[in-house]
Amino acid sequence: MSETKEWERIQMRAFTKWVNSHLRKRNMVVEDMIEEFETGVPLIHLYEVISDESLGNFYPAPKMKFHKIANLNKVVDKVNSFIEQVGIRLQFSAEQILNKEKTQILGMIWCLIHKFEIQDISEDELSAREGLLLWCKKKTKGYPNVNVKDFKGSWQDGLAFCALIHKHRPDLLDFDSLDPQNPRENLQKAFDVAEKQLDIPQLLDVDDMIKFTPDDKAVMTYVAYYWKRFASSNRAEKAGRKLAKVAKRERELENMKHDYEQRAKKLVDWIDSSTDNLSDPTFDHFGNSLDKAEQRKAEFKQFKDDEKPNQSAEKVDLEMLLTKIRNKQKNEGLPIYNPPTELGTDAINDKWNNMNTKQDAYDKALREHITLMKRLEILLSRFRIRAKKISEWQDGKNNGYFTEDLDKLDTISALQAKIKIHETFDEEVSSVDKSLQETGDIGKRIIEGKHEAAPEVNNTMDKLNNGQQDVKDKGEQKAKDLDDRLKKLEELLGKCLDYAKKAENLAMFLDDISLALAEPITASSVKDVDVFVDILEAVDARYNDNAPVLGNVTELYDDIKNNGGDPNLYSGIDKKDLEDKFKTAGKQIEDRKKNLEQEKARLSSNEDLLQQFAAACDEYTQFSFDEKEKIISLRSESSTLEEQLEKVKTQAEETKTQNEQRFSKLLDLFKVLEEREVLELSSVTQSEMQAVYDNLEKLIEKTISEIESEILASKNEGIPEEQLKDWRETFKYFDKDKDGRLTKADFKACVRSLGEDIEDNEIEKVFHNLDIDRDGFINFDEFLQYMRRLSEEGSSYEDVIESFRQLAGEKDYITEGQLRSVMEPEEAEFLLKQMPPKEGTDGYDYIAYAKNAFAKQ
């Protein structure tokens with residue numbers, strides 16, 4: 001069978017069923033429209049039934065051609081009259097029907113269907129088709145495997161029909177149980193439910209829908225019954241939209257409160273955790289070395305530069321969110337939300353201030369600990385140098401002096417020389433003992449300071465003490481050995497020996513001074529400089545004590561020389577070298593004094609600058625806090641939103657100017673601190689101050705933005721953005737010329753696709769009233785005015801109760817099916833969770849819900 005023949009067959013079957021659905025009202029049925037319409041009698045009855053208009057007298061049983069044409073003309077004239085009004089360039093004739101022209105007869109039946117079944121959607125075919133299609137798209141949106149794009153293939157699997165039924169009457173079928181792979185069962189299910197439960201005649205055949213491409217006019221005729229059947233639910237849909245708006249408002253407020261409490265809880269937990277971390281500024285916490293202390297310092301800097309500024313911004317955001325929630329409740333006439341006490345603004349501020357106090361104490365303790373560790377590091381360096389020198393002296397004696405073979409000394413003069421040398425050994429040991437004692441004192445301070453090198457110091461001191469005792473024991477043994485070898489010694493060349501002893505001691509002392517003064521000045525505070533000053537004063541005192549010794553050595557040297565002796569017989573130290581060393585040491589001491597005075601003055605100046613900077617930061621932080629309070633207080637005034645906006649903008653302009661000026665001065669101070677290389681010594685970082693600056697700017701911008709948004713929302717009279725978007729997209733859909741205007745027919749189709757019904761006898765009046773500029777079109781502003789007026793149904797306690805009552809069929813409870821039939825799943829789910837069950841029914845107590853939502857007693 002050709003495609004054209006198949007199309008005619010399917011259309012014939014569907015149109016015949018449609019005709020018979022109306023003729024049955026007069027106890028008539030036709031089997032073959034082409035054959036039986038030639039008398040005109042079935043057509044006259046059909047027209048009178050569907051139009052509710054009498055065509056007057058006619059021939060009830062015509063036999064002659066003249067009588068048949070007379071009957072047919074009564075209907076054909078009516079059809080030709082209304083299709084001409086809508087601009088269709090097509091005319092039917094009685095002769096075409098009498099001659100049984102199938103295409104013309106089907107066309108005329110389609111015109112009748114369009115006029116009396118579909119034109120309610122719009123006045124012209126194009127808008128009617130697309131208006132009905134758009135209605136189907138909206139009602140089936142969100143159903144799985146349903147995608148309505150036309151009146152052909154989109155309906156072949158039956159799911160679209162089932163979705164329309166389920167959307168409006170979810171109690172009639174279980175959509176989730178349908179199988180997309182079983183179109184026959186789906187189609188039959190939809191046709192049976194529609195016919196038995198909704199009184200919609202089955203115009204379509206299941207086999208035709210499955211085996212062939214569906215005829216769009218047949219499908220459109222059948223779907224139009226669905227539109228008419230469910231159009232009566234418009235009143236319920238309006239009530240549903242009103243309740244959905246209330247539910248959405250409540251859900252948004254609940255989400256905002258939940259968001260506030262979740263974020264506030266996280267902020268409080270962070271504050272508590274940070275406060276705990278800052279509450280243990282002990283020696284063990286900071287560590288027993290400079291490296292560990294510096295690590296704590298780096299962690300503390302990261303807290304001040306990164307963590308705290310971010311949490312400070314979050315704190316401001318939470319304050320603004322709480323203000324926004326309360327303003328929204330105030331505008332809606334709802335009870336004002338108070339968060340749990342521990343999550344309130346006052347509680348958070350108290351915790352924040354306590355954390356700041358702990359932070360200041362932690363900062364101070366950390367700085368003092370780092371100073372201590374630096375001092376101990378200096379002592380440790382001195383200890384190691386001294387210990388190394390003593391250890392080398394002990395090794396030198398053990399490996400050289402005590403290994404000498406005395407049996408090879410076979411002359412008196414040689415023995416006398418050795419005895420004399422050994423007599424200087426005790427002096428040398430005494431000098432080393434003194435140095436060892438001083439080294440031990442330094443080690444004791446390191447141990448008492450609990451430095452991590454304390455075990456090393458203990459071990460070193462044990463080794464040095466044991467080594468020193470060993471040297472002493474070996475010295476005593478060598479003296480005994482020398483005495484055994486020589487009972488009586490020649491007179492010792494006293495003066496040479498005396499010179500050697502004093503020169504050696506003085507040289508060791510000067511070497512020690514040179515070593516001490518060679519250490520770099522590593523000070524970060526005045527206290528550090530004072531440590532170096534104390535050390536220098538001790539060195540200077542010892543230097544002055546040794547000035548007479550130098551004179552005595554010089555006199556001794558000259559005396560030996562004048563008497564022809566060799567002053568360097570027992571010592572390799574020359575007098576001139578000793579004098580030069582002494583002068584150099586004196587100059588080093590004086591230079592060191594000047595350097596320490598300069599360093600102390602520099603650090604003192606830096607500390608004054610740091611104090612000045614800290615005071616400036618405190619002043620700026622207080623300024624920022626005060627300005628925030630001013631801005632927030634303006635939002636709490638009992639004035640209109642426009643007045644609030646004007647006041648906030650005026651205050652914002654003044655605040656931003658001062659904020660910029662004050663922050664610029666702080667940045668100048670930051671530069672000075674950087675130039676002096678003391679920025680890291682500041683207890684306040686640039687990141688913290690930048691966060692204070694940014695938070696104030698952000699508060700101003702957010703406050704202005706929120707007021708402007710509230711003003712815009714108030715001008716749209718509480719219409720949700722999603723609703724405005726839906727209206728705008730629907731308007732554009734019917735604006736075929738894309739000129740921003742709708743004709744009267746397009747306007748009617750547009751509002752009907754949105755579920756709003758305008759009677760034919762009212763359309764002229766509505767269109768005239770909306771067309772303010774009298775240009776014969778409706779622009780978007782005029783359209784929006786109409787839709788806004790329709791949506792002004794109120795959302796007060798009384799309005800909500802009335803909407804529930806309408807939807808519940810005047811009962812004092814509402815069922816789940818009634819709710820889901822008129823609103824989106826998200827809003828329906830929210831209301832079902834909020835409403836308590838109604839005792840003794842299968843529904844929910846909407847009155848109890850409304851009383852709770854509006855705080856009614």
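1. Start with F161. This is a predicted model, and in it F161 has 0% relative accessibility, so the residue counts as buried. The cut-off for buried is under 20%.

2. Y222 is also at 0% relative accessibility and therefore counts as buried.

3. The wider count: searching the whole structure gives 27 aromatic pairs. F161 and Y222 make up one aromatic pair, with 5.5 Å centre to centre and 65° between the planes. That geometry is edge-to-face. F161 belongs to helix 8 (residues 159-168) and Y222 to helix 11 (residues 216-231), so this contact ties together parts 61 residues apart in sequence.

4. A second pair to inspect is Y260 with Y337. Their ring centres are 6.5 Å apart and their planes stand at 85°, so this pair is edge-to-face. Distant parts of the chain are linked here, 77 residues apart. Y260 sits in helix 12 (residues 234-278). Y337 sits in the loop between helix 14 (290-332) and helix 15 (345-399).

5. Burial of that second pair: Y260 has 1% relative accessibility and Y337 has 8%, so each counts as buried.

6. Which residues do ring pairs link into a cluster? They are F151, W155, F161, F191, Y222 and Y226. F161 and Y222 from point 3 are thus members of the cluster.

7. Charges over rings deserve a look too. The charged end of K736 lies over the Y733 ring, 4.8 Å from the ring centre. For R741, the charged end sits over the ring of F777, and the distance to the centre is 3.8 Å.

Conventions
Residues numbered from 1 in each chain as written. Predicted model: local features only at pLDDT ≥ 70, side-chain atom pairs only at ≥ 80, totals over all residues. Heavy atoms only, no water. Phe/Tyr/Trp six-rings, centres within 6.5 Å; stacked < 30°, edge-to-face > 60°. Helix = DSSP H or I, 4+ residues; strand = E, 2+ residues; numbered from the N terminus. Buried < 20%, exposed > 50% of the residue type's maximum accessible area, 1.4 Å probe, protein only. Lys NZ or Arg CZ within 6 Å of the ring centre and 35° of its normal.
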